Amino acid sequence: MSTSTDHADITASSNTMLHSSWSDPQCAYYIALQSGVPVKSEGPPGGGKSAVHFALARALKRRYILLVGSCRSPEDFGGLPVPRPADGYVAMMPTEWASQAAKDPCLVHIDELTTVFPSTQAPMLSIITERRCGDTMLRPDTLFAASCNPPAMATNGSPLAKSMANRFYHHPWQLDLSTWRRGLENVSAPFTWDDPSFPILPPTWTDHLLSQGRLVSGCLHKAPDRAVVIPDDDDTMAFPTLRSWTNLGRALAAAASVGAPDNVRRRLMDGLIGPSVAVEFSAYCDSLDLLDPEEVLAGHQSWDWDESRVDRTHTFLSALFVAVRGLTTDERWTRAMEILMEAGKHCPEMALLYLDEAIRIKPSHLLPSKALLKDIINLRTRCHI
């Protein structure tokens with residue numbers, strides 16, 4: 001599949017998509033990948049997976065590296081032994097692709113993942129999670145995407161081992177038939193296709209990590225038996241472990257940064273912790289009935305302490321200071337501090353978690369009131385600081 005547009009000049013202003021573009025079934029996949037979570041798409045051959053990954057690399061201004069798994073040996077991922085007699089040891093030298101990924105921002109696309117031999121899968125594990133090839137560290141921002149056909153359609157295909165499967169967000173690739181048809185009928189250049197519209201994360205997407213981490217932590221505090229659930233069968237690819245819960249928190253933070261709708265968030269849950277546990281986690285999130293921080297800061301909604309839902313306050317405070325950090329005015333900062341001090345009257349240890357960050361983002365010219373300063377001193381005293 002060829003493309004007719006080059007998105008290499010995309011700027012930071014392209015942080016969000018038009019609302020209508022959220023209908024793209026691959027949106028969750030693009031978001032998870034940019035959050036640093038390894039992603040895996042599975043679908044029938046000839047569905048445009050390689051072309052879309054190439055286009056995404058251009059949109060992200062990254063070098064695109066394609067690795068066909070069945071054509072690679074263990075040394076491609078573990079390095080080649082090179083004797084260094086003068087130093088008295090043997091070093092593991094990376095192959096060309098890893099050398100590039102150690103220097104440049106890259107999107108590494110591993111194709112035909114289910115045809116990779118077991119002996120090659122083993123060194124791939126450290127590549128994907130630790131970003132290490134032999135003795136060489138890749139750039140920490142290296143993105144990994146994998147794709148494959150269903151095992152029944154792949155030559156010598158086989159299901160992934162659980163240790164490999166648990167490293168990925170799993171996504172069913174869906175054919176975009178309408179876009180394909182438009183390319184066939186392209187008046188100016190028949191049989192050429194425009195690049196998709198990708199949701200590009202803003203540089204500040206990590207500001208949402210704390211609030212989403214609170215969601216995951218709060219859910220597992222109530223249901224610790226859902227932290228690790230290893231499936232008995234070989235067909236279940238997405239299941240909860242501490243790794244996949246961590247990846248889910250990152251992916252949800254990325255989704256929050258671009259205002260992704262609920263259906264995208266739910267796809268992320270399904271593809272990382274599995275549909276059954278995702279139902280429980282989604283229900284927990286819904287039960288929080290979280291206030292909109294912007295509505296509270298504007299005075300359109302009010303916040304009150306709820307002793308029975310301390311987890312809800314944790315998550316709300318995280319989101320509140322993300323909002324203030326994004327737009328810091330005297331009024332917004334003061335209102336957020338009033339809420340924080342009120343929460344501190346009931347749970348000082350919780351309020352203290354946010355106090356240093358709140359003070360750090362205070363407008364430099366703003367002088368807090370005497371009452372607020374007194375509350376801050378009292379909070380630190382109660383926490384023995």
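Arg139 is partly exposed in this predicted model, with a relative accessibility of 27%. I start with this residue, colleagues, and with its partner. The side chain of Arg139 meets that of Asp141 in a salt bridge, at 2.9 Å from N to O. Asp141 is likewise partly exposed, and its relative accessible area is 27%. As background, side chains of opposite charge can pair when their charged atoms come close.

How many salt bridges does the structure hold? There are 18. Allow me to present two further examples.

One of them joins the side chains of Lys40 and Glu42, with 3.4 Å between N and O. Is Lys40 buried or exposed? Lys40 is buried, since its relative accessible area is 3%, and the limit for that class is under 20%. Glu42, by contrast, is partly exposed at 27%.

The other example lies in helix 15, which covers residues 348-360. Here Glu357 forms a salt bridge with Arg360, and the closest N and O atoms are 3.0 Å apart. Why are these two residues about one helical turn from each other? The reason is that they stand 3 residues apart in that helix. Glu357 is partly exposed, with a relative accessible area of 22%, whereas Arg360 is exposed, at 56%. The pair also belongs to a network of salt bridges that links Asp207, Arg325, Glu357 and Arg360.

I turn now from charged residues to the nonpolar interior. The largest nonpolar core has 51 residues. Which of its members touch the most others? They are Tyr169, Leu248, Leu268 and Phe281. Several elements each supply at least two residues of this core: helix 1 (27-34), helix 2 (49-59), strand 8 (143-148), helix 8 (209-222), helix 9 (242-257), helix 10 (262-273) and helix 11 (275-288). A second core, separate from this one, has 29 residues, among them Leu297, Phe316, Ala323 and Ala336.

Leu268 deserves a closer look. Leaving out residues up to four places away in sequence, Leu268 touches Ala28, Ala32, Tyr169, Leu248, Ala251, Leu252 and Ala255. Tyr169 and Leu248 thus appear again, having been named with Leu268 among the residues that touch the most other core members.

A polar residue may be set beside these. Ser282 has its place in helix 11. Ser282 is buried, with a relative accessible area of 17%. Beyond its neighbours within four places in sequence, Ser282 is in contact with Arg266 and Met269.

My last topic is empty space. In general terms, rolling a probe the size of a water molecule over the atoms shows where such space is left. The largest pocket in this model holds about 930 Å³. Its lining comprises 32 residues, and those closest to the centre are Gln212, Ala256, Arg265, Leu290 and Ala319.

Which helix gives the largest share of this lining? Helix 13 does, with 7 residues. Helix 13 spans residues 310-326 and is one of the elements that each supply at least two lining residues, together with helix 8, helix 9, helix 10, helix 11 and helix 12 (293-297). By character, the lining divides into 14 nonpolar, 9 polar and 9 charged residues.

To close, I return to two points. Helix 8, helix 9, helix 10 and helix 11 each supply at least two residues of the largest core, and each of these helices also supplies at least two residues of the lining of the largest pocket. Thank you for your attention.

Note on methods:
Residues numbered from 1 in each chain as written. Predicted model: local features only at pLDDT ≥ 70, side-chain atom pairs only at ≥ 80, totals over all residues. Heavy atoms only, no water. Salt bridge = Lys/Arg side-chain N within 4 Å of Asp/Glu carboxyl O. Buried < 20%, exposed > 50% of the residue type's maximum accessible area, 1.4 Å probe, protein only. Helix = DSSP H or I, 4+ residues; strand = E, 2+ residues; numbered from the N terminus. Core = buried A, V, L, I, M, F, W, Y, C linked by side-chain atoms within 4.5 Å. Contact = heavy atoms within 4.5 Å. 1 Å grid on protein atoms, 1.4 Å probe; cavity = no way out; pocket = protein on both sides within 12 Å on 5 of 7 lines; lining within 4 Å. Points joined across faces, edges and corners; volume = space filled by probe spheres on them. Nonpolar A, V, L, I, M, F, W, Y, C, P; charged D, E, K, R; others polar.
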